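The following note concerns the charged side chains of the structure shown here. Please read the numbered points with the model open.

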Amino acid sequence: MTYIWPAILASVLATSAVANEITVDNCGEELIFETTPQRIVIHDINMTDMAFALDLQDKIAGLTGITGWYKTSPNFDELRGDIPELAPKYPTVETLVAAQADMFFAGWYYGMKPGGDVTPDTLAPFGIKTMVLTESCIHLNKDRPEASMDLLFDDVLRLGKVMQVEERAEKLVAGWKNQLKAIQAKTAGLHRPRVFLLDGPADAPFTAGKFAIPDAMIAAAGGENVTHHLDTSWGRTSWEVIAAANPEFLILLDYQTGNGAEDTFKFLQQDPVMSQTDAVKNERWIGLRYEELTPGPANIEAIAKMAQAMHPELN
C-alpha cells in the first residue's frame, strides 16, 4: 500500500493541473494556458483599449505599434500611465523576448504578417503564446463567418477568461449589447443609407469588406456598407466601383494628422467621379479615429455617432 500513494498523488496533481488549464479559441484552434499570463505585450491601440477596459494594466509588460502611427488621447495616456512602448511600430522577436513576455496579443496585419519574423510559430520556442485578434483570422483561414459585433465581444470575453477576470468581461459585454439594442431600436424602420468607408486618400480606395468590423458597425448604426461584397476584411477596390454604388454617407478614417478627415473629404470633392456621388455633393460624412473602426471598446460609442450622423431625424 505504501507504494500506491505516490501514484495516487501524482494522478490527483495531474488532474488538478488539467483542471486549472485555461483554453480559448484562437482562429479555430485551441490556445491553452497552464497559468494566467503575468507579462503580456499588446500591439495596437484598439487591443490595448480592450486590456484597459478590463483593468489589466498591472499585467502589461509593454505596448507596441502605438506612437508610430497614431496620436493618442489624454484618456489613453492616463490609463497607460508608465507602461513602456517597446516599439513605435512593429516589434521584433528580440523585443518581445527582452520584455520577458509570456503572451503577445496581436493580429495578422496588426503587428504580425503571414510568413513574417513575428508569428505565433516564431514566438513559441521562447515560451510566448500569441492571442490572435479574431477579425484578422480571415487572412489565414478563408472559412470564417462575416463580420458581426461578436468580433469585439468574443475577443474581450477571451481576454477576460485568459486573464481570469471573466466576470468583469461579461459585465462589459452585457452593457455594450444593451447600448446597441437601444441604438437599433431608434433606427428601426428608418431609411438605411448606402455607406462608404475610406481609409485616406489614395489612387485605389482602401476600405472595409464583409469580414471587417466596420461592416457590422455600419449595419448596427442603420446603414448598408457599399463594399460588403468585398471578400476580405480590409482591402482595395476602385473609385469607379464606389462611384457606381453612389454612397449617400461617408465614414472617413481620421488619423489626426494635418486636417485628418477634412483633408480626405476635400480629396473626394476634387475627384472627378466621387465628386458626383450623393454623399460628396450633400457633404454627408463623419470622421472617426482608427481605434473606433478596428475591434475595440471605442466601437460602441462610434456606432452611436454614426447612427446620429446618418439619421439626422434622430437629432
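1. The structure, which is a predicted model, holds 8 salt bridges. In general, side chains of opposite charge can pair when their charged atoms come close. Three of these pairs, given below, deserve the reader's attention.

2. One salt bridge joins the side chains of D278 and R194, with a distance of 3.8 Å from N to O. D278 belongs to helix α11 (residues 278–281) and R194 to strand β9 (residues 194–198), so this contact ties together parts that are 84 residues apart in sequence. D278 has a relative accessible area of 26% and is therefore partly exposed. R194 is likewise classed as partly exposed, at 28% relative accessibility.

3. A further salt bridge is formed by E291 and R289, whose closest N and O atoms are 2.7 Å apart. How do the partners stand with respect to the surface: is E291 buried or exposed? E291 counts as buried because its relative accessibility is 6%, below the 20% limit for that class. R289, with a relative accessible area of 25%, is partly exposed.

4. K305 and E292 also meet through their side chains in a salt bridge, at 2.8 Å from N to O. This pair links distant parts of the chain, since K305 lies in helix α13 (residues 298–310) and E292 in helix α12 (residues 290–293), 13 residues apart. K305 is partly exposed, with a relative accessible area of 31%, whereas E292 is buried at 3% relative accessibility.

5. Which residues are joined into one network? Through salt bridges that share partners, R289, E291, E292 and K305 form a single network.

Note on methods. Residues numbered from 1 in each chain as written. Predicted model: local features only at pLDDT ≥ 70, side-chain atom pairs only at ≥ 80, totals over all residues. Heavy atoms only, no water. Salt bridge = Lys/Arg side-chain N within 4 Å of Asp/Glu carboxyl O. Helix = DSSP H or I, 4+ residues; strand = E, 2+ residues; numbered from the N terminus. Buried < 20%, exposed > 50% of the residue type's maximum accessible area, 1.4 Å probe, protein only.
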